[in-house]
Amino acid sequence: MTRYSAQQLVEKALAASTADGCVVYVVESTEANLRWASNSLTTNGAMRSRQVVVISFVDGGSGMATGTVARTGTPDVAALVAASEQAARDAGPAEDAVPLVTETPPGAGDWDADPAETSIEVFADFAPALGEAFSVARDRGDLLFGYAEHSLTTTYLGTSTGLRLRTDQPGGRVELNGKSTDYARSVWAGVGTRDFRDVSVADLAADVERKLGWSQRRVELPAGRYETLLPPSAVSDLMIYAYWTMEARDADEGRNVYARKGGGNRIGDRLAELPLTLRSDPSAPGLETAPFQVVGSSSGSASVFDNGMVTPAVDWISGGVLTNLIRPRAWALKTTAPAVAGVDNLLLEDPTATATQDEMVAATDRGLLLTTLWYIREVDPQTLLLTGLTRDGVFLVENGEVTGAVNNFRWNESPVDLLGRINQVGRTERTLPREWNDWFTRAAMPPVRVPDFNMSSVSPAS
């Protein structure tokens, strides 16, 4: 079968459409990865993929309906368009129907350029440095495990209203696990990156070595509320969940934590005593992401009718006060509120904060220092109560020093409630979420101190 370019596929699909409106986007992806275990590389790989998505809009007389069909590779374009149109005819009227976007957003990209690509060469400096880390770990009797990946994804989006948009999204991550040879001790370090030029294997390995050293002394503690220092990675996993649930419609209809008792939403309410700002910005340095919406299916946070809609920088919480919620254009029209698009990055900042995590540890009389959270699940959407486990290192801090590792816990906390109880915030830095990094890697967070983090039970996990 002839391999058409992404741009040609978009144009052919739009030309084949007989619907009342059509959106087509093609996603071209390349990925390279490395895996290692027990101080040795085990596998490496490179992958290439293509996805073609056609969204048809058909007015059956009772309202506009939509149908989305996606295929991989280079599909039969006419058949794909026909399937999408049939799916629209079979669907009921869409409640989020609004006219398709017509205005080209800033940052539309170079439509005619070939897709960006990555290859195994992205690890040209990383792999030798990793080999050196293996040697050092082997000499001291520790084991290193982990995974590194880099991807480059180019999306070409075209619409029947004339939009021709393109965005390139690089992304990468490194996860490094350190273990003792008897597997009794396990710690983690990780980092997100756009191109691996800013990844220091030596720094990651040193972090792992330090934590393994802390873990040599074991202390058993009961469940309870503890003064707890959460590192940026753990903070990101909590704040990302708070962000994912920032849907204006759910709040307006009383279904999430941002709903106001008695009706409406909590925009304007103070959520944090400290001057915290939670924001997204598609041009944030090192966290750049698409400046327009690419949506395959409608939800409370996005609409297929909003494909191509500009995604400007937005403060979700400003100075501790809830400022915005995610609101597709259709719900904005129904509520006479501004449309606000989600952005694929997240930053939490206190403009007055300068402390490093080590400085926060040094100022702690007695408390816990976490490494990461995992297996996070929602318990109650009305309060956004979450439960999860600690993982790969919970450390006891006494008189400003880490004195040992303690057992793992199950915890129960609401990130929104935590915002109001945080009593110290450190300096914001780029971080890698541990729980959510398969879906969300572009985050910058500070370490935070919580005076009474709820460790609800002791976990047998090691």
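In this predicted model, helix H1 (residues 6–16) packs against helix H2 (residues 77–90) with an angle of about 55° between them and their axes 9 Å apart. That angle makes H1 oblique to H2, and the crossing of the two helices is right-handed. On the H1 side the contact is made by Leu9, Lys12, Ala13 and Ala16, which meet Val77, Val81 and Glu85 in H2. By class, the residues of this contact are five nonpolar and two charged, with no polar residue. An α-helix has 3.6 residues a turn, so residues three or four places apart point the same way.

Helix H5 covers residues 232–244. From the first C-alpha to the last, its 13 residues reach 18 Å, close to the 18 Å expected at 1.5 Å a residue. H5 is mostly covered, with twelve of its 13 residues buried. The buried stretch includes Pro232, Ser233 and Asp237 as well as Leu238, Met239, Ile240, Tyr241 and Tyr243.

Two residues that are not glycines have a positive phi. Asparagine 39, with a phi of about 65°, is found in the loop between strand E1 (21–37) and strand E2 (40–59). Its relative accessibility is 4%, so asparagine 39 counts as buried, the cut-off being under 20%. Aspartate 392 has a phi of about 55° and lies within a strand, E14 (residues 385–398). Aspartate 392 also counts as buried, because its relative accessibility is 8%.

How values were computed
Residues are numbered from 1 along each chain as its sequence is written. This is a predicted model: local features need pLDDT of at least 70, side-chain atom pairs count only at pLDDT 80 or more; totals for chains, interfaces and linings use all residues. Side-chain values use heavy atoms; hydrogens and water are left out. Axes are lines fitted to C-alpha atoms, for helices over the stretch in contact, and angles run from 0 to 180 degrees between N-to-C directions. Helices (H or I, at least four residues) and strands (E, at least two) are DSSP runs, numbered from the N terminus. Angles under 35 degrees count as roughly parallel, over 145 as roughly antiparallel, 65 to 115 as roughly perpendicular and the rest as oblique. A crossing is left-handed if the near helix is turned anticlockwise from the far one by less than a right angle, and right-handed if clockwise. Contact means heavy atoms within 4.5 Å. Ala, Val, Leu, Ile, Met, Phe, Trp, Tyr, Cys and Pro count as nonpolar, Asp, Glu, Lys and Arg as charged, and the others, Gly among them, as polar. The expected span of a helix is 1.5 Å times one less than its number of residues. Buried means under 20% relative accessible area, exposed over 50%, partly exposed in between (1.4 Å probe, protein chains only).
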